[in-house]
Amino acid sequence: MAAAKAEYIEFTKEMKRDYTILVPTMLPIHFKLISNVLVSYGYKVDFLEEVDGDIKESGLRLVHNDTCYPALLVIGQLINAVESGRYDKHKIALLITQTGGGCRASNYIYLLRKALKKAGYGYIPVISLNFGGLEKHSGFKITVPMLYRMLYCAFYGDLMMLMANQCRPYEKEKGITDRTVKKWVDILLEESSHASTMRYSHVKKNYRLIADDFAKILGDTKRDKVKVGIVGEIYVKFSPLGNNNLESFLLKEGVEPVVPGFVDFCLYCVYNGLVDYDLYRIRPFKAFGSKFLYKFLLGKLRYIRTMMQEHYPQFMPMADFDETQRRVEGYIGRGAKMGEGWLLTAEMLELISEGVNNIICTQPFGCLPNHIAGKGMMKPIKERNPGVNIVAIDYDPGATAINQENRIKLMLSNASR
Amino acid sequence: MIIKDNKNRTSGKLLMGIDIGSTTAKIVLIDDGRMVYSRYERHFSQVRQKTLEMIEAIRDMLMGRSFTVAVSGSAGLGMANAASLLFVQEVYATAESVRTLQPDTDAVIELGGEDAKIIFFSGGLDERMNGSCAGGTGAFIDQMATLLNLSNTEMDDLSLTHKQLYPIASRCGVFAKTDIQPLINQGATKADIAASIYQAVVNQTVGGLAQGRRIAGKVMFLGGPLYYCKGLRERFKETLKLSDENAIFPEYGLYAVAIGAALYSADGETLNYELLTDRLRESMKQRDTVSTLPPLFKDKNEYQAFITRHSKNSVKTEYAGAYTGDAYIGIDCGSTTTKLTVITDNCDIIYTYYSSNKGNPVAIVREQLTKIYELFGDSITVRGCAVTGYGEELIQKAFHIDFGLVETMAHYTAAKHFDPEVDFILDIGGQDIKCFKIRNNSIDSIMLNEACSSGCGSFIETFAKSMGYTVEEFAREGLYSKAPVDLGTRCTVFMNSSVKQAQKDGASVRDISAGLSLSVVKNALYKVIRAASPDELGQRIVVQGGTFMNDAVLRCFEKEVGREVVRPNIAGLMGAFGAALYAREHKPACSTILSLQEVKELRHESRSAVCKGCTNNCRLTVNIFNGDEKLISGNQCEKGAGIRLSDDEQLPNLYEYKRKLIESYDASDNSPLPNDTALKKTRQRIGIPMALGMYELYPLWHTLFTSLGFEVVRSGFSTRALYQKGQFSIPSDTVCYPAKLMHGHIETLLEQGVDAIFYPCLTYNINEDKGDNFYNCPVVAYYSELLQGNMDSLHKTKFICPYLNINKEKELARELTLVLQKYFGGITKAAVTRAVKEAIAAYRKHMQLIYAEGERAVRFAREKGKRIMILAGRPYHIDPEICHGIDKLATSLDFVVVSEDSVTADVTPPTLGVLNQWTYHSRLYAAAKYACEHDDTQLVQLVSFGCGVDAVTTDEVRVILENGGKLYTQIKIDEITNLGAVRIRLRSLIGALKERGQ
């Protein structure tokens with residue numbers, strides 16, 4: 001079977017020696033930590049942090065304009081970096097994630113390659129970061145120990161993001177929260193060169209130290225501001241570049257933003273392997289593996305949840321994903337697995353169960369899975385959870401901040417009523 | 001007016017409310033519970049200045065008093081921040097005043113200049129504003145009135161006398177305009193069009209905004225358009241079926257937001273006149289950081305050089321009256337304007353005309369021809385004439401014009417005159433952008449703007465007018481801008497809000513004008529042409545069209561592409577000039593054009609009718625000339641025009657064949673009940689919605705349920721009426737039209753009282769081994785989930801939407817048994833297993849029939865030497881309401897029409913640069929490959945607006961075709977029923993093929 005695929009430039013072992021791999025921003029904390037794992041395994045990596053206005057233009061120029069906004073931004077950011085003059089264009093490779101689901105997102109890597117070709121850089125290798133064996137590169141392999149480290153980075157990232165979000169609106173010393181995040185990112189980056197960091201006992205110790213630091217910031221302040229949840233398509237949900245700095249806008253409006261973690265998305269992807277077997281009896285081996293992995297990840301997640309519940313009750317803990325996934329029953333089937341799929345609905349319901357009754361559902365304009373799991377689920381959610389406020393905000397290159405902010409303000413004026 | 005507030009916020013206080021909308025500013029004063037002052041004025045984007053003036057005008061009422069004030073409105077935020085005044089969100093403000101003034105209101109509909117809002121009060125407070133894709137309403141009505149050459153009042157009055165309503169796309173202004181234009185050109189009455197426009201606004205509000213909630217009970221209507229337009233009110237009342245007492249049109253309709261703001265201010269900071277005016281004055285000095293661009297010209301010299309350079313590209317246009325000899329007339333009857341030129345044997349122009357066609361092109365051409373005949377008298381002999389443009393057919397028929405030619409050919413002919421080596425032509429007109437590349441002296445590829453980015457030229461015009469400028473003045477202002485604002489490149493609706501943002505930030509008219517020009521240019525470059533670099537366009541570029549007469553646009557274009565281009569002095573007349581040149585080249589022996597006497601005596605009447613040729617019920621416009629010559633337009637096939645074809649003349653049309661094939665299953669519904677089913681006592685009726693994936697899998701499910709003893713009820717093909725039936729429950733207004741239709745199909749089935757409705761969730765489609773995976777798109781796969789959550793009416797029945805695997809018989813039987821047993825007792829696994837076997841076999845047979853008909857069609861074409869068109873879309877594109885008869889249009893242009901699935905069974909998939917992961921789309925790629933392998937085959941891709949997946953496939957299909965030396969043609973479809981643009985496209989395709997000698 002399988003259609004012939006146009007040849008792609010492989011990232012070879014030779015390239016590993018002196019090529020710099022460029023990584024786009026999505027979750028500033030997480031991706032920085034995760035890309036650092038690559039560094040400690042001998043790759044040269046540069047994590048892109050610039051977010052100037054030109055990114056959009058480059059995206060528009062080189063990618064089909066009806067493609068989702070995240071693709072436009074990610075590709076725009078990478079191309080801008082290529083053209084920035086900071087790198088030898090013949091000594092760089094680009095990295096992009098690839099999920100392989102039924103959503104357009106599985107095609108980002110191809111769109112990136114097309115854009116490169118169009119801009120005259122067809123020779124630059126593009127590495128697919130995927131866990132489904134979609135593409136192979138002899139010079140780029142994610143080994144189990146690497147995965148393990150990346151996993152801890154994701155948990156560290158989620159813990160810091162979760163606690164920082166709960167401190168920032170209440171911090172007495174301006175900027176202390178962000179400084180604490182930076183402090184810990186630096187510590188963790190520094191640590192990663194030692195093998196001992198792999199030990200779970202060490203990681204657990206770190207969890208406590210991180211949590212202690214944030215607990216100090218919050219002190220005995222009561223978290224009494226209106227809470228606003230942010231869910232949506234993964235890129236615009238997390239990336240300030242994608243959502244016009246939504247979190248800082250919300251902070252300015254005097255509310256506390258609540259953003260469900262990145263690990264949830266990973267668990268969702270793993271869980272879908274189970275569902276495929278359950279519904280269609282396909283890929284039994286994958287299902288077996290997924291089941292194991294699911295339990296494994298859930299255990300790690302629950303550890304942090306329990307730690308937070310026991311020692312830091314003033315904070316809202318991470319959600320227990322097993323409960324989160326069950327919440328969609330009666331709303332949407334867990335077979336709806338393209339893009340963010342049922343997770344989007346689940347996260348809204350999870351937020352509501354935590355008393356977060358105001359939710360912003362972010363989506364790129366025309367995002368297909370969100371028609372169903374986002375906009376399509378608002379009515380039933382509101383009907384069955386009276387008093388809940390949900391607003392859908394579209395993001396695309398032409399949308400202006402004033403339109404988006406107006407809609408959010410409208411929701412907020414309801415929230416504080 | 002008395003404003004009593006139960007919270008007692010108003011007593012003994014002076015409250016001021018300011019509402020700054022997108023076009024107007026409103027102020028109210030409430031003194032001790034009485035509204036003592038109200039005023040509204042257009043602010044022409046001088047928000048802060050205007051507000052200050054309005055407050056200074058009521059100095060006497062404010063002096064010596066302390067008061068509170070709040071600002072509201074979409075353009076008020078920036079001013080409120082800059083002047084540190086209290087700001088309140090406008091919908092919130094509306095809710096405040098309604099709660100105070102009319103507490104028993106169930107819902108409020110408010111239409112503003114560019115916003116539409118609904119607030120639901122009863123049954124859970126809910127407030128909604130138009131999304132980023134719903135077109136403006138007030139601004140839209142203004143624009144339409146301009147199009148009809150009426151004032152708003154005239155249009156309103158006329159609408160009340162309407163006799164019939166035409167369907168006009170309701171999603172966004174640009175779409176609607178595309179529907180209205182042909183109606184105007186076809187001579188529909190202005191009264192009917194006016195009412196139809198209002199109806200479109202109503203449909204847009206009800207369909208786009210309410211999103212699943214019914215608007216019922218006491219409904220209040222607010223905002224300018226609803227305050228002024230009686231016709232619009234009438235449409236709302238009728239559509240929502242409101243009684244007089246339940247439809248409230250309050251006298252304070254214009255001021256609800258301002259009143260709400262005033263009430264909101266009550267607890268705020270106390271100010272006095274001096275303090276307030278000082279703050280406003282202070283705010284005028286600030287200018288926020290707007291994203292700006294470099295100026296168009298560095299200095300005067302650069303501007304002079306630019307003007308001198310472009311003045312070289314001229315044809316002589318003097319002659320008038322002094323010429324004797326042969327002459328040729330070219331007419332371009334465009335969508336908004338009519339253009340006419342008369343040229344000599346030397347191609348000099350001796351007469352030109354350019355004007356808005358004022359909704360009646362026949363009258364204009366008649367007037368002009370009369371004028372030409374009288375002006376030149378015997379000194380010229382008209383040896384030939386040609387007409388092009390939207391109104392081509394109408395004008396050709398009316399005046400017996402020698403030639404009708406497709407617009408693209410006319411433009412190319414004209415451009416060649418200025419630069420014989422031209423290799424790229426860009427034409428930006430009032431409503432459309434056209435561009436084509438020229439290779440080997442023939443048109444190589446044509447790009448027309450999709451419905452969503454059109455309207456750019458006329459957008460500048462409308463915008464200039466709304467700010468109180470003529471287009472020329474507005475353009476001139478732009479040339480002097482020091483810091484043009486960056487307005488983005490999306491459709492006009494987005495630009496509107498970008499302008500709003502710029503206004504908020506205090507940008508001047510100059511900067512906005514220059515910014516708009518740049519947006520138009522970028523739109524053309526990145527949205528339509530999608531160029532990565534100027535080199536991609538070509539070396540010798542000719543730009544034309546009325547919009548390029550605007551020097552600011554021209555300058556922006558040159559700057560953006562970094563290359564000097566040719567703009568002829570008759571840029572706006574190129575179509576007409578090209579037509580005249582064409583007439584000169586193809587000189588007929590004797591021109592058939594009407595004589596002066598005949599022109600004068602021409603009688604023209606038009607009336608509307610509904611075609612009874614098939615179930616499509618096309619709305620026809622019948623033009624009658626001199627009482628006996630007829631021209632019928634609006635028809636989607638030859639039947640409407642009164643032409644009957646015999647069977648062997650009938651060109652094969654796979655779309656039609658597939659529709660018939662689906663209908664043929666209905667006949668078998670009365671088969672006797674199998675004996676061994678438990679359902680025999682009470683035969684259950686199961687409804688199948690004929691939408692999305694069902695178009696392909698219907699034979700499978702039909703067979704399955706029939707075999708199990710069900711009576712299968714199919715919801716039939718879609719119609720506009722069916723769409724409207726389900727419109728109110730669509731939660732996402734940007735989803736594709738095929739998905740939106742699903743709601744109407746469900747309603748139709750419920751009306752028929754079925755016992756259950758079946759539409760499964762299919763993550764995986766049929767595996768045809770043609771790609772890397774075989775998914776459905778998320779919308780096709782999971783639309784049931786959305787229906788279940790959003791259609792309350794579904795609770796009345798059993799809605800069966802299991803997740804199924806249709807690729808394995810055994811597995812499918814297992815899953816179906818589980819599900820069906822849950823809903824209907826007594827179904828055995830054995831029965832289901834057998835039914836599944838039959839069902840899969842039926843599906844296979846269905847596909848075999850399609851392949852066979854595909855083969856027959858190809859054979860037919862080759863025997864008779866016809867061109868083959870693969871009209872490539874998805875299975876559901878055969879729905880007549882989705883493809884709008886494009887298949888029939890293609891056969892009427894002498895194409896044999898085959899579908900993407902009928903010719904690709906044996907095609908091995910091509911090499912792709914993307915992941916080939918959706919079954920339907922794998923067929924597209926294969927079809928493109930097939931087209932490349934056959935000289936007589938062309939591929940035309942149908943793309944539903946909003947289809948995210950096609951953003952990936954269209955580029956890839958284009959690459960496959962162009963690598964194979966083929967032309968790529970894409971047609972975007974939505975609710976639009978106008979085939980005019982499609983016809984131009986297909987005729988251009990034929991023209992280009994002829995030039996290539998194919």
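This passage describes confidence, core packing, helix pairs and some local backbone features in a predicted model of a complex.

For the complex as a whole, the predictor reports an ipTM of 0.92 together with a pTM of 0.82. Within chain B, the average pLDDT is 84, and 87% of the residues reach at least 70. One stretch deserves some caution: over residues 451-455 of chain B, pLDDT stays under 50. For this same stretch, the model nevertheless has 23 contacts beyond four places in sequence.

Chain B is built from 36 helices and 31 strands. Of its 998 residues, 60% count as buried. Its contacts also reach far along the chain: among those between residues at least 6 apart in sequence, 74% join residues at least 24 apart.

Turning to the interior, the largest nonpolar core holds 441 residues, and the members touching the most others are I75(A), A93(A), L112(A) and A580(B). The element that gives the most to this core is helix α6 (residues 144-167) of chain A, which supplies 13 residues. A93(A) offers a handy view of the surroundings of one such member. Not counting residues up to four places away in sequence, A93(A) touches F11(A), M15(A), Y19(A) and I21(A), as well as the run I124(A), P125(A), V126(A) and I127(A).

Helix α6 of chain A also pairs with helix α8 (residues 200-218) of chain A, their axes coming within 9 Å and crossing at roughly 10°. With angles under 35 degrees counted as roughly parallel, α6(A) is therefore roughly parallel to α8(A). On the α6(A) side, the residues that meet α8(A) are Y152(A), L159(A), M160(A), M163(A), A164(A), Q166(A) and C167(A). Their counterparts in α8(A) are V203(A), Y207(A), I210(A), A211(A), F214(A), I217(A) and L218(A).

Chain B provides another helix pair. Helix α34 (residues 919-933) and helix α35 (residues 949-963) of chain B have axes that come within 9 Å and cross at roughly 15°, so α34(B) and α35(B) are likewise roughly parallel to each other. Their crossing is right-handed. From α34(B), the residues involved are H921(B), L924(B), Y925(B), A928(B), K929(B), A931(B) and C932(B). These meet V949(B), T953(B), E956(B), V957(B), I960(B) and L961(B) in α35(B).

A shorter element of chain B, helix α15 (residues 392-399), is mostly covered, with 7 of its 8 residues buried. The buried set consists of E392(B), E393(B), L394(B), I395(B), Q396(B), A398(B) and F399(B). Just after α15(B) comes H400(B), whose phi is positive, near 55°.

Positive phi values also occur in loops of chain A. N245(A), although not a glycine, has a positive phi of about 55° and sits in the loop between α9 (234-238) and α10 (246-252) of chain A. R281(A), also not a glycine, has a positive phi of about 55° and lies in the loop between α11 (262-280) and α12 (284-311) of chain A. N245(A) is partly exposed, as 15 other C-beta atoms lie within 10 Å. R281(A) is partly exposed too, with 15 other C-beta atoms within 10 Å.

Finally, V45(A) belongs to strand β2 (residues 44-47) of chain A. With 19 other C-beta atoms within 10 Å, V45(A) is partly exposed, because a residue counts as buried at 20 or more. Leaving aside neighbours within four places in sequence, V45(A) is in contact with I21(A), V23(A), S35(A), L38(A) and V39(A). The C-alpha atoms of V45(A) and V144(A), 99 residues apart along the chain, are separated by 19 Å.

Note on methods:
Residues numbered from 1 in each chain as written. Chains lettered and ligands numbered in written order. Predicted model: local features only at pLDDT ≥ 70, side-chain atom pairs only at ≥ 80, totals over all residues. pLDDT = per-residue confidence, 0-100. Contact = placed C-beta atoms within 7 Å. Core = buried A, V, L, I, M, F, W, Y, C linked by C-beta atoms within 7 Å. Buried ≥ 20, exposed ≤ 12 C-beta atoms within 10 Å, placed from the backbone. Helix = DSSP H or I, 4+ residues; strand = E, 2+ residues; numbered from the N terminus. Axes fitted to C-alpha atoms, helices over the stretch in contact; angles between N-to-C directions. Parallel < 35°, antiparallel > 145°, perpendicular 65-115°, else oblique. Left-handed = near helix turned anticlockwise from the far one by under 90°.
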